[in-house]
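This report covers a sheet, a helix pair and a chain contact. The structure comes first.

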Amino acid sequence: MEYGGFGALVEDMPKYGTLESMALTEQAANLSNEHHTTYKETTMPSNPTRTLLTAFLVAVGGGAALNTAAAETIKLGLSVPLSGAGANWGKGGEWLCQQAAADVAKAGGVKVGGKVYQFECVAYDNKYNAADGARVAQALLSKDKVRFIGGSLGTAPVRALQTRTEREDVLLFTVAWGASIKGPKFPLTFTQMNTPNEISLPLVRHVKQANPAIKTVALLNPNDATGQETEQIARKAWAAAGVTVVSSDWYERGTSEFQPAAAKLAAQKSDAIDLCSSPPADSGLVFKELADMGWKGVKVVQVGTGADGLVATGGPATEGAYLGAAITFDGPATSPLQRRLNDGARGILGESLNAVQIGFYDAVMALKAAMEKAQSIEPAAVAKALPQVSFDSFYGRSAFGGKDTYGSPQQMLVPVIVTQLQGGKLVEVARLAPAELRERGVQ
Amino acid sequence: MQTLLQLLFTTLQIGAVVVLFALGLTLIFGVLRIVNFAHGQFFTLSALTVAVAVPALVQHGLPVPWAYVLACLAGVAVATAVGMLVYELGFRRLERDMVGSFILSAGVVLLFEGLFLEVFGGAVRPVPPLLDGHVTLGGLSISAQRLLLCGMALTLTLALGWLLSRTRFGRSLRAVAIDHEAAMLQGVPYRSVAMRGFLVATLIGAVAGALTAPITAVSPTLGDAYLVKGFIAVIIGGLGSVAGAIVGSLFIAFIESFGGFYLDSSSATLATFVLVMLVLLVRPKGLLGHG
């Protein structure tokens, strides 16, 4: 205690400040470089003292260089399901975030204020529920001090995360479909994929045009925040297309038996059945049960994200189904980037990429463009710049818009791709580019 | 009338899988006095093995029925072997220890879910149907695959009933379940009976997983939904009671089927939990429970 103790020493430490520490680091690095040069010029390795000093300074210099590099890394937090039924979406999202970060690094990094920054993706498992979403928010914001969320999945966990990000000036990207998480009240929140608001109307219009005999439709949704919001939008879209919604039912996410739900749907004898936001594997099981019960009609999964899970569980019963959020990768229009990423993802995930995962790649590209436009890495400044920039997304040139729908431009504008299962294969039947992109001359 | 028949048959189809699952849970509880929450992992492992093996064997030129038989045998063998490993390393040391076994089985669930995700990946695996087409019974169109599953479930349940009532091993199991100390005084080798009881229970769960593979979404989390249903079924029927497990399973299936049709699937799930509470209020040991 007479010497002030360790407490006094620790209390003194912050007085050096960050700038002083950086200056010392730079001096050490310079010294290291000088000694390295001296060693090369004089070629006198026989002096052990000099060799040891050189080695020490190289080590210190190397460490300093590493510290400098770490200081120029921007962490992108990810709140995604990495276990349970949604694990593949989360793992795919994390992998695409890493790929985008690597692509940005290859292209020279993010150049802001004369410095070059690199992205690093940090993912935590939100288990697709609100409680774990809150835990992930705590880890990302309090422990990792993340100031940019590169992607978050699931309306319930995203709501838990958003309660903190907006208050603590953290920019949040999300692929959650709920419309309730967007708007002028949430200026730091941005959606990086098409949601039912973007998909529903054009998809239903296309399905109705292709199948004019449809007069009635029955809806089925998972009974959670995502399903409840999707149902309202789907109901309006079918009504707008002149189709009567004869029933709308719910099921618990995680259900393994769909016979009762299918029996109820079949009993409605509707011309079409829309499974709205049901995951592909669940949708396949419902279509299989419907086929077993003899129902034959038009099959739609508005936010159907992929054919692999659908066909895996539904088999031939899924033939003809329309999907609103799936992508084909074997057509001539597939770009080298799309092919490279899809091939890589198939090796890791065992299935093709879907729109949910792709959003994680696009968010990184959007962030790079906005940071360079704003010449700042402050979330508020980047959020202001985001609606002003255009960038190369997975789908081509893209930007943010959607002010007419949400009250503020927070929606990434990417094409709505209508696909259909034909002969067991996913085929693109329509690609509807957002009118706003054309009007702004982005595409 | 047609709808009623359809719903009754749906009850039997759903009940068939839940019965097989619940029988395993109740057997383990009866003999070891533990609740094995990891039972669903052996069910899942068997289904995943079938999902991997069937397409691989078919690709090597084996006809689908033979591929299916071999894959089922492999699935059941792998899951049972892993089950026995877990028993030897863990549950054997925690017999009749409810708290210890609860913690162990919860840990095993997390461990296996993570392992399955790493080994098999998170994607849903397609399993070709063993039987294609439909059978028309009383004006009802029924999937041949589902009908086969019902038949297998009935056969297994009857076989288990015979095993318990007509064999020396079965009588030992029942004696241990009623009073293990009295059984030991009568010369019943408790350790051996407990080990074989766990083996039979895991085997039944593995068979259920293998049979369910072609009609469900096979993924690392497959067992979770069945675990909840199976657990509710044995609580309603009475922990440790074989007849109770069957009654409880059919009760669950009935609510799921009729509730799902006349209300919706979500309300049916809610109704199941409400009815469990009511049953436990009236009969705290379950409908046929005695322990």
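How many salt bridges are there between chain A and chain B?

**Basis**

This is a predicted model, in which local features need pLDDT of at least 70, side-chain atom pairs count only at pLDDT 80 or more, and totals for chains, interfaces and linings use all residues. Residues are numbered from 1 along each chain as its sequence is written, chains are lettered from A and ligands numbered from 1 in the order written, and side-chain values use heavy atoms, leaving out hydrogens and water.

**Contact of chains A and B**

The count between chain A and chain B is two salt bridges (a side-chain nitrogen of Lys or Arg within 4 Å of a carboxyl oxygen of Asp or Glu). One of them joins R146(B) to E289(A), with the closest N and O atoms 2.6 Å apart.

Chain A gives 33 residues to the contact and chain B gives 33 residues (contact: heavy atoms within 4.5 Å). Between them the chains bury about 2500 Å², 52% of it on carbon and sulfur atoms; buried area is the accessible area (1.4 Å probe) that two parts lose on being put together, summed over both.

**Sheet in chain A**

Seven strands (DSSP E runs of at least two residues; helices are H or I runs of at least four, both numbered from the N terminus) form an open sheet with mixed pairing, in the order β8-β7-β9-β10-β11-β15-β16 (chain A). Pairing requires at least two DSSP bridges between two strands. Strands β8 (244-251) and β16 (425-432) of chain A are at the edges, each with a single partner strand, so one side of each is left without a neighbour in the sheet.
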